[in-house]
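Visitor: Mind walking me through a few helices and how they sit against their surroundings?

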Amino acid sequence: MSRVFYRAPSSHYPVIARGEGIYLWDTDGRRYLDGASGALVANLGHGRREIADSMAQQAQAVGFAHTQRFTSAAQEELASRLADLLPYGLQHTYPVSGGSEAVETAIKLARYYFLERGEPERYRVITQWPSYHGNTLGALAASGHLTRRHPYDPLLSAAFVHVPQPAAHCGGPRASSGCCPCAERVQAAIEQVGPSTVAALLWEPISGSAASGFVPHRGFMAQLRALCDQAGILLISDEVMAGMGRTGRMLGIEHHEVRPDIVTLAKGISGGYAPLGAVVTTDHVYEAVASGSGHFVHGFTFGGHPVACAAGAKALDILEQERLVERSARMGVPLAEGLQALAREHAAVREVRGRGLMQGLVLTTDRRSPGGRAKRLAQLAMEHGLLIYPGSGGGASRFGDHALIGPPLIISEAEVAHLLSLLDDSLRQLAAEQNRLD
Ligand SMILES: Cc1ncc(COP(=O)(O)O)c(C=O)c1O
């Protein structure tokens, strides 16, 4: 009997053996096309020798030194590469070990910034429902995700205020408020709790696992920026999934042409080769702390881990040298077109949405089994040798099935076609099963 406490102890998990390019193999020799890069993590593909070498070199030189006492060449390199690659004056990197830690850090940094500025009354954070920002208690409290929150509700702080997701299409600002109806709801939430108590708006520029591939309508994020500027609030863009080129831009928020004050990164930043995340901010926020108390009261033992930073720095080299951000934009076109074609053919697919190689399928719901259709599709796909990332319960109910398709950014056009044909087979089988049940 295994001694591992699995995510779902009642489930059976194949044992992973190796990976190469967009494929994974289990120890029984079964091959899987990694159509979701794990959970949109393995952006550079599997089996990258140069990242493994870089990590081994770092581990041999020194595996760990506490960041309370030391910096490392790897940490310095990661931060300086990010400063070169990121837009909007995002210059200062605080490394952590994953997405939830990045979100926790960004929220605490926003709060700390206002303490440094002598505005201790600011602590609230406004976010969207549905959204997903992580599974630690702070990040979960920020998340608008019913099924992930529900068991832990009594532990979740009321400092987080949720507003409904904006429409995908909207008529634009009204003369009376200067905001569209979707942004008016954010404005109303700020006014209701008191603008001087709000530290940050925390937003996914393109939704991940709570609402696969949802893109707010044009102009919405710009209105959030304006509301932040009016009320002196910070804008945090949660780029844990959408960032690092996944959507065909370095950051998801670039699609909205809006400047954030803080971004959170993880997943693709190391391509999954090491647990790594980062919070990156502008001079303005950084200087408030650096020239204020000079000490951000926060920190994780493994933040800035030299081996993880070495993996991240090498991953950034590859991202740039192989022009994978541009490739994501380019390969996103046949992927989105192919998915649209599948949606026309299969009644189970209601909508396709997303940007670049972050595409969401919205599925019709099976009232007999909330979340069941997305899960079943993912199971069938796995039996066909394709991995996708199913989701449900991201909205206000347990219903709302959807799935993310997000292959490694190195995918070729022929491999996109292969992915689509495996998904086609899986959807066909799903439809056959549904017909038997109906
Ligand atoms: C947008 C977003 N934020 C935060 C997280 C949490 O990241 P992690 O699972 O690395 O803690 C995720 C994970 O899926 C995410 O998609």
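What follows is a short chat about a handful of helices and one strand residue.

Guide: One heads-up before we start: this is a predicted model.

Visitor: How many residues does helix H7 have, and what does it reach from its first C-alpha to its last?

Guide: H7 runs over residues 181-193, so at 1.5 Å for each step between its 13 residues you'd expect 18 Å. The model comes out close to that. So H7 has 13 residues and reaches 19 Å.

Visitor: Are the buried residues of H7 on the same side or not, and what arc do they cover?

Guide: The buried ones are Cys182, Ala183, Val186, Gln187 and Ile190. Generally, an α-helix has 3.6 residues a turn, so residues three or four places apart point the same way. In H7 the buried residues sit on the same side, because the arc they cover around the axis is only 145 degrees.

Visitor: Which residues are exposed on the other side of H7?

Guide: The buried residues of H7 pack against strands E5, E6 and E7 and helix H8. On the other side of H7, the exposed residues are Glu191 and Gln192.

Visitor: What about arginine 124: buried or exposed, and with how many C-beta neighbours?

Guide: Arginine 124 has its place in strand E5. The cut-off for buried is 20 or more C-beta atoms within 10 Å. Arginine 124 counts as buried because its neighbours inside 10 Å number 23.

Visitor: Which residues is arginine 124 in contact with, leaving aside its neighbours within four places in sequence?

Guide: Proline 195 is 71 residues away along the chain, yet its C-alpha is separated from that of arginine 124 by 9.4 Å. As for contacts beyond those sequence neighbours, arginine 124 has Ala159, Val161, Val193, Thr197, Val198 and Ala199.

Visitor: Is H11 roughly parallel or roughly antiparallel to H13?

Guide: The axes of H11 and H13 come within 10 Å and cross at roughly 20 degrees. Angles under 35 degrees count as roughly parallel. So H11 and H13 are roughly parallel.

Visitor: And which residues of H11 make that contact?

Guide: H11 passes H13 in a right-handed crossing. H13 brings Glu413, Val416, Leu420, Leu423, Asp424 and Leu427 to the contact. From H11 come Met331, Pro334, Leu335, Gly338 and Leu342.

Visitor: Last one: how many of the residues of H4 are buried?

Guide: H4 covers residues 99-116 and reaches 25 Å, close to the 26 Å expected. H4 is followed by glycine 118, with a positive phi near 75 degrees. H4 is mostly covered, and its buried residues number 15 of 18.

Note on methods
Residues are numbered from 1 along each chain as its sequence is written. This is a predicted model: local features need pLDDT of at least 70, side-chain atom pairs count only at pLDDT 80 or more; totals for chains, interfaces and linings use all residues. Helices (H or I, at least four residues) and strands (E, at least two) are DSSP runs, numbered from the N terminus. A residue is buried if 20 or more other C-beta atoms lie within 10 Å of its own, exposed if 12 or fewer, and partly exposed in between; C-beta atoms are placed from the backbone. The arc is that of the directions from the helix axis to the C-beta atoms. Two residues are in contact if their C-beta atoms, placed from the backbone, lie within 7 Å. Axes are lines fitted to C-alpha atoms, for helices over the stretch in contact, and angles run from 0 to 180 degrees between N-to-C directions. Angles under 35 degrees count as roughly parallel, over 145 as roughly antiparallel, 65 to 115 as roughly perpendicular and the rest as oblique. A crossing is left-handed if the near helix is turned anticlockwise from the far one by less than a right angle, and right-handed if clockwise.
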